[in-house]
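Trainee: I should like to request a close look at a single part of this model, the sheet. Please set out how its strands are paired and what lies against them.

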Amino acid sequence: MGVMHLNDDYNINVQILDFGNSVPAVVTINDDGSFSIFLNARLSYERRLEAYWHEMRHIQNQDFYGDMSVDEMEAVNEH
Ligand SMILES: [Zn+2]
């Protein structure tokens, strides 16, 4: 997607998946400390970029806590 070079502090891989008409994106933290951002294939390019930065904000805010993963948070919150 041409923006990965902005994220030198993080090891992030981005994948495009068809989530149907559910969440725009989810982010997960992997066992090795890297992150995976999954973007909904149904979004336009612009909305994918928005969703990407939204998930990046979760990473930068370290929104990974307790038993609730960020993808579960996305399902219940508008944020
Ligand atoms: Zn979110």
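Mentor: In this predicted model, strand S2 (residues 25–29) pairs with S3 in the antiparallel sense, over 5 bridges. Two partnerships illustrate the register. Ile-29 of the chain stands opposite Phe-35 in S3, and Val-26 has Phe-38 in S3 as its bridge partner. The connection between these strands is a hairpin: 5 residues lie between S2 and S3, and in the turn Gly-33 has a positive phi of about 85°.

Strand S3 (residues 35–40) is also joined to S1, here by 6 bridges, and these two strands run parallel. Within this second pairing, Val-14 stands opposite Ile-37 in S3. As a general point, strands of a sheet pair through backbone hydrogen bonds, either parallel or antiparallel.

Taken together, the 3 strands form an open sheet in the order S1-S3-S2, and the pairing is mixed. The edge strands are S1 and S2, each of which pairs on one side only. From one strand to the next, the twist averages 20°.

The burial of edge strand S1 merits separate comment. S1 covers residues 12–17, and of these 6 residues the number buried is 0, so the strand lies largely in the open. The criterion behind this statement is that a residue is buried if 20 or more other C-beta atoms lie within 10 Å of its own.

Next comes the helix that accompanies the sheet. Helix H1 (residues 45–61) lies across S1, S2 and S3, and runs at about 35° to S2. One helix residue, Ala-51, may be followed in detail: leaving aside its neighbours within four places in sequence, Ala-51 is in contact with Pro-24, Ala-25, Leu-39 and Leu-43.

Ala-51 also belongs to the largest nonpolar core, which has 9 residues. The members are Ala-25, Val-26, Val-27, Phe-35, Ile-37, Phe-38, Leu-39, Ala-51 and Tyr-52. The elements giving two or more residues to this core are S2, S3 and H1. S3 gives the most, with 4 residues. Val-26 and Phe-38, named above as bridge partners, are both among the core residues. Of general relevance when the side chains are inspected, those of a regular strand alternate between the two faces of the sheet.

Definitions and conventions
Residues numbered from 1 in each chain as written. Predicted model: local features only at pLDDT ≥ 70, side-chain atom pairs only at ≥ 80, totals over all residues. Buried ≥ 20, exposed ≤ 12 C-beta atoms within 10 Å, placed from the backbone. Pairing = 2+ DSSP bridges. Axes fitted to C-alpha atoms, helices over the stretch in contact; angles between N-to-C directions. Contact = placed C-beta atoms within 7 Å. Core = buried A, V, L, I, M, F, W, Y, C linked by C-beta atoms within 7 Å.
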